[in-house]
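Okay, thanks for coming, everybody. I'll put the structure up and walk you through a few places in it.

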Amino acid sequence: MRMALRALLCAGMLAGFALPAAADTTLTIATVNNGDMIRMQKLTDDFKAKNPGIDVQWVTLEENMLRQRVTTDIATKSGQFDILTIGTYEVPIWAKKGWLVPLDNLGADYDVDDLLPPIRAGLSIDGKLYAAPFYGESSMIMYRKDLFEKAGLTMPEQPTWDFIKQAAAKINDPSTETYGICLRGKAGWGENMAFITTLANAFGARWFNEQWKPEFDGPEWKNALTFYVDLMKADGPPGASSNGFNENLALFNSGKCGMWIDATVAASFVTDPKQSKVADKVGFAPAPCEVTCKGANWLWAWSLAIPAGSQKVDAAEKFIAWATSKGYLELVASKEGWANVPPGTRKSLYANADYMKAAPFAAMTLKAIDTADPINGTAKPKPYVGVQFAAIPPFQGIATTVGQFFAAALSGDMTIDDALSRAQAVATREMTKAGYIK
């Protein structure tokens, strides 16, 4: 029997049959279902060709679910993921807890000094990088130039929220499913609360005073939330409390939004004729101010990090170096054109004449990132770092709950006063429990 089996194996080898080589290492990567990440997945073969023996398995999740899954995974040390897609909020907090591996071996040609200073600073502790930015963003206005022209409107160099409200009313035409404005309404600390916090900042609000007491019972938050709800009810699309970044992107690209104020990273998608019906009609302007411009535009980077205790650090660093390198930007440019490369991470990209020519939004994006101020981003002094978030551990839970109250106010299931009162109660309770309020 053995002789027959050996003969059969030998015959198979002579005939040219061989078992496929298995990858030595499989990296499991958790990421968000945004367009740039989906594009990265399609280009993974380039990484695998350059790194034989390393395979990649993707877990792609909606933004709120991603945050929940990776937070649970790293806090419980369950080790489901080798690479996490996390943001500027998590990195400094998790790095201080020892939950992330410092990225010390990204390769001699990685050029960490080329990273934009505001983005690099947000991902570093004591000069060490704990996550590499895949793309960086601020926020700005994207608007339909054709609808502005038809309504006799001119976008100011620095718009105010009052102007935005007037413009939305003039553009709004529900009979043709063209809505004056699309804004985030979906509950989530990184969904509706990221946007609403910048609007509130512009109205002079802040999350906490200098003694860490929440300020939802103040006039600034009342003015901001009332303005937001009234604006969306008058001139927003139906069902806005279900709309986050991706839903509003789809609405804008299908021609249903006169204005959309959101992440600068959306600019390449709304100007891409393959995705957007209005690609040649889009204008850009800075995020609106109101009583102040402080904190009117956010600062964020979706970044790749390695959880501490990972058994695959070397392979994970190779992938992160590939995905966040200058070479990756060139790869995307060769496949999709320069306008579609992940923005907001490297100085060299904004010094690249081909990119600046191809991307009409590039200069506006860079200015927004450079002017976002995580330290002094509110009219009154604040004790926390962050523009659209407070970089403290209790924030994620508090803002998730507050986001649900504000979504309920938008949908009409709760009054504005009730939403603010509940927000104040929850935030006060949780900040007291966490020891911030004595």
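At what angle do the axes of helix α2 and helix α14 cross, and within what distance do they come? Before I get to that, keep in mind that this is a predicted model.

So, the helix pair. Two packed helices are described by the angle between their axes and the distance between the axes. Here, α2 is residues 35-42 and α14 is residues 326-336, and their axes cross at roughly 90°, coming within 12 Å. Angles of 65 to 115 degrees count as roughly perpendicular, so that's what we call α2 and α14. If you want to find the contact on screen, look for Asp36, Arg39 and Met40 on the α2 side. Over on α14, they meet Tyr328, Val332 and Glu336.

Next, the sheet. It's an open one with three strands, in the order β8-β7-β9, and the pairing is antiparallel. β8, residues 259-263, and β9, residues 282-286, are the edge strands, so to speak: each of them pairs on one side only. On average, neighbouring strands here are turned by 30° against each other, ignoring direction.

Zoom in on β7, which is residues 139-144. With β8 it makes five bridges in the antiparallel sense. One residue to click on is Ser139, whose bridge partner in β8 is Ala263. And lying across β7, β8 and β9 you'll see helix α11, residues 245-253, which runs at about 145° to β8.

Now over to helix α19, residues 416-433. Does its length add up, or what span should we expect from 18 residues? At 1.5 Å a residue, α19 should span 26 Å, and its end C-alpha atoms are 26 Å apart, so the two agree. Several α19 residues are buried, among them Ile416, Leu420, Val426 and Met431. Gln424 is on that buried list too. What do the buried residues of α19 pack against? Two helices: α10, at 219-235, and α18, at 395-411. After α19 comes Gly435, with a positive phi near 90°.

Last stop, an arginine. Arg184 sits in the loop between α8 (161-171) and α9 (192-202). Is Arg184 buried or exposed? Buried, because its relative accessibility is 4%, and the cut-off for buried is under 20%. A polar atom of the Arg184 side chain lies 3.4 Å from the backbone oxygen of Glu191.

That's my tour, so let's open it up for discussion.

Note on methods
Residues numbered from 1 in each chain as written. Predicted model: local features only at pLDDT ≥ 70, side-chain atom pairs only at ≥ 80, totals over all residues. Heavy atoms only, no water. Helix = DSSP H or I, 4+ residues; strand = E, 2+ residues; numbered from the N terminus. Buried < 20%, exposed > 50% of the residue type's maximum accessible area, 1.4 Å probe, protein only. Polar contact = N/O pair within 3.5 Å; in protein donor to acceptor, adjacent residues only side chain to side chain. Pairing = 2+ DSSP bridges. Axes fitted to C-alpha atoms, helices over the stretch in contact; angles between N-to-C directions. Contact = heavy atoms within 4.5 Å. Expected span 1.5 Å × (residues − 1). Parallel < 35°, antiparallel > 145°, perpendicular 65-115°, else oblique.
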